[in-house]
Amino acid sequence: MRKIVFLAGVLCCVGMSLCGLWPSPGLAGTPARVVIGLNSDVRNFDPVNTLDTTTDRVITHIYEYLFVRDLEMKVTPLLAESGRPVDDLTWEIKLRKNVKFSDGEPFNAETVKANLEYIVKKENNSARRVRISPVKSATVVDEHTVRVSTEKPFPTLLEGLTEIYMAPTKAIKAGPKILTDKPIGTGPYQLKEWQRERTITLVRNEGYWGGPPRIATVEFRIIPEVTARVSALLAGEIHLTPDVPPQFMDQVAKSGTTNIRTVAGRRVIFVAFNTLKPGPLQDVRVRQAVNHAVDVQKIIRTVMEGNAKQMVGPLSVISRHLDPALKPYAADPAKAKALLHAAGYTGEPITLHTPNGRYLKDKEAAQAIADQLTQAGFTVKVQVDEWGTLLDLVKTGKVDGMYFFGRSDTTLDGSMIRDWFRTGSTWVTYSDAKVDAAIDKALPIVNPEKRRQAFHALQAQVQEQAPWLFLWTQVDVYGVHKNLEWQPRGDEQFNLKTAGWK
Amino acid sequence: MVRYLASRLALTLLTVFLALSFMFGVLHLAGDPVLLLVPVDSSAEHIERMRVQWGFADPLWVQYGRFVWRACHGDFGTSLKYNLPALSLVLERLPATALLTSVSILFAVVVGLPLGVLAAIREGRLADRLATVGSVLGQSIPSFWLGLLLILAFSVTLGLVPTGGMGTPAQLLLPGVTLGLYSLGRVTKLTRASVLEVLRADYIRTARAKGARETTVLFRHVLKNAANPIVTIIGLQMSGLIGGAIVVETIFAWPGLGRLIVQSIQFRDFPTALAAVFFTAVTVSLINLFVDLLYGLLNPRIVHE
């Protein structure tokens, strides 16, 4: 009886698939289409009021920047042709000609002026203001030339512009909220359909100034559960997905249809100390002891399964101002013990806060760190916090002891050091007058060679003061269909403009 | 009857109001939503400006008053994450939730009811044992494990159905079964128990004694009298599934209401979370009311006063 039921079921499936009622899951592989699996949806398509990785991963196909980073993360012109400083407070940017928005509006100096001035105006509360906040105004020189004035010297203007999209002047004047679900950009793709929390479908912009891209349709599919997302990749339903966790890498690499591609990212992972509250961590020797007590390489090998690159100082390993001469703290528990002894630390308990699942293997790594610290003579208690709670604790400075955290090195030239260590910056729980002075001195330097030297010196200084336990730069792991010509980027963007099928 | 209905509806309103107030309090206890919503690199000044713009700078009672006043006018505000009206975000999840809920309940009833009856009339025999073990399994297998297992077997290995998403009937199969299996277990067990109880009643013996055929006894007398608890459990399962299919919705990338609630709480998207809770509270209350009314139809001895 049960056999008959089973057979009937199988016949039913076969029958339905023959009739075409049952769409074959493998169908996604039509050559001109790429399906990408994401773990969450975009917020919306407003290029001015959003600033988060997931949203950017999608909307960079629709809107474009003046400057963009190439695969080596070097800043290169995109909608601009060139950009150069005229004096310490003025930049001149030449624009590409014959660029049009998908609704026909021409892209010109007026567009740049409207966008930049809208974003930097405080009352507009643009999320992207933080990237170019020193910008004061923009003046139109001619149709394709614009001058940007800054309040103070802003040597990283072009880096900042790699995260500022150009929206049509009309939309900016009407308020960029009208782009929330109807984006209009100059980019290689246009939005065809957005089914919230399901799919986002982009189609190629046939009139794209750089010539239409090879892939005609890009579909983003939202699959929140990671096992299901990897399964969809293995089943051929999606062709590309970011953040493949270590436990699935082997399976993806050996499936025959997919492979793993990795790239050193710009996200730095560390344990920060709250030195604003009284406690043993106010003593630099204790902070150095933490750095000596933890064997970062060992944790990378065991917990991270190799998917991380050890940081030497406070900058990401792909930063262009990384000092190649700098050496990381040696893993040396004996030295740690000696430093602790010298500091007079007698086992006062220190809390290590950690999020769970916000960063790759965060909780596991925090536990391994606590373990090693205990062996070196610390008394450490791990406390797992919900992400929002941890943010709250750090923002208000109420967090005690130390906390596992991550930041994104968005400028990749060292200037993020201000956001990470300067007294009074939003998420900083550390204060040192000498470091502050060095940061304030280094930031406005325009001359490239002098800037490089200043940042090298700054890194050494920060490393010595040890406001963090320096851990690693995350390696981003992608699962990719083996026939897809596409390379992962250090800035977590997909950029399918140049992708294609073999 | 009319008075009964009116009082029940008034009670429903009160329930919804209390649920919303409770949710409002709990959400605000969880802390400041602004930090999660602005980019991590934001300056303290930008965070403060957004707090003012979104109204989180006001004292809590002002925020509560504003929320109640607007909710009474059907306005749940704008989603902080999507920047779209919160209630419309909830309503656009409805078809997905309704579809998944009805398919899994249908599965549970169509399979569970006959199974329960079979188990009862074959009490103590192999069919009964299998059905009992099966229903216990159905209730105790964790859905995240079963769901992933089904994906691996039917999507990755056999390639028969898609791993997830929504749009074609095939995509409904795995989540429907995964979700339905739990209800299936409960329906089977309860059907078995209430049919057994009725089978032992005097009027069944009388029916058999007057020479009624076994099928007549079963459908006319047994099932009708065993129906009340079964209807209750189906109603309960349904209310549970409206907002509670979170795990299955997440695994199968099903864009339902449960996931929306969890996501909006994680993101501290208060307007959306409250709109979703409002909707769930209303639906569950109405289902309960409907089930209560159904009792009277099924069993005329029950009179609603």
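Which residue takes a positive phi in the hairpin of E8(A) and E9(A)? I began my notebook with that puzzle, and I kept in mind that this is a predicted model.

**Entry 1: the hairpin**

I looked up the two strands of the hairpin before anything else. Strand E8 of chain A covers residues 189-195, and strand E9 of chain A covers residues 199-204. I found that they pair in the antiparallel sense, over six bridges. I picked out one pair to follow by eye: A:Tyr189 has A:Arg204 in E9(A) as its bridge partner. Then I went to the turn, where three residues sit between the strands. The answer to my opening puzzle is A:Glu197, with a phi near 65°.

**Entry 2: an open sheet**

Next I traced a sheet in chain A. I noted four strands in the order E4-E5-E7-E6, paired antiparallel, in a sheet that is open. Which strands stand at the edges? I found strand E4 (80-87) and strand E6 (135-142) of chain A there. Each has a single partner strand, so one side of each is left without a neighbour in the sheet. I also wrote down the twist, which averages 20° from one strand to the next.

I then zoomed in on one edge. E4(A) is joined by six bridges to strand E5 (residues 90-95) of chain A, and the two run antiparallel. There I spotted A:Arg84, which stands opposite A:Glu92 in E5(A).

What lies across this sheet? I found helix H3 of chain A, residues 109-120, lying across E5, E6 and strand E7 (145-150) of chain A. Helix H3 runs at about 170° to E6(A).

**Entry 3: the core**

I turned to the largest nonpolar core, which has 209 residues. Which residues touch the most other members? My list reads A:Leu66, A:Phe270 and A:Val271. I was curious about which element gives the most to this core, and it is helix H5 (residues 86-121) of chain B, with 12 residues.

I followed A:Leu66 a little further, leaving aside its neighbours within four places in sequence. Its contacts include A:Leu78, A:Leu79, A:Ala80, A:Ile93, A:Val112, A:Leu161 and A:Met166.

**Entry 4: chain B**

I scrolled along chain B and counted 13 helices and zero strands. Its C-alpha trace spans about 85 × 60 × 30 Å along the principal axes. Chain B has 305 residues, and 40% of them count as buried. I also checked its contacts with a separation of 6 or more: 71% of these come from residues 24 or more positions apart.

**Entry 5: where the chains meet**

How many residues of chain A are in contact with chain B? I noted 39 residues of chain A, in contact with 42 residues of chain B. On the chain A side, the elements giving two or more residues are strand E10 (217-222), helix H6 (226-234) and helix H12 (387-395). I sorted the chain A residues of this side into 15 nonpolar, 10 polar and 14 charged.

**Entry 6: confidence**

Last, I looked at the predictor's scores. Chain A averages a pLDDT of 90, and 94% of its residues score at least 70. I marked residues 1-29 of chain A, where the pLDDT is below 50. This stretch has 23 contacts in the model beyond near neighbours in sequence. I reminded myself that predicted coordinates should not be read in detail where pLDDT is low. For chain B, the mean pLDDT is 88, and 99% of the residues reach 70 or more. For the complex, I copied down an ipTM of 0.84 and a pTM of 0.86.

Conventions. Residues numbered from 1 in each chain as written. Chains lettered and ligands numbered in written order. Predicted model: local features only at pLDDT ≥ 70, side-chain atom pairs only at ≥ 80, totals over all residues. Contact = placed C-beta atoms within 7 Å. Nonpolar A, V, L, I, M, F, W, Y, C, P; charged D, E, K, R; others polar. Pairing = 2+ DSSP bridges. Axes fitted to C-alpha atoms, helices over the stretch in contact; angles between N-to-C directions. Buried ≥ 20, exposed ≤ 12 C-beta atoms within 10 Å, placed from the backbone. pLDDT = per-residue confidence, 0-100. Core = buried A, V, L, I, M, F, W, Y, C linked by C-beta atoms within 7 Å.
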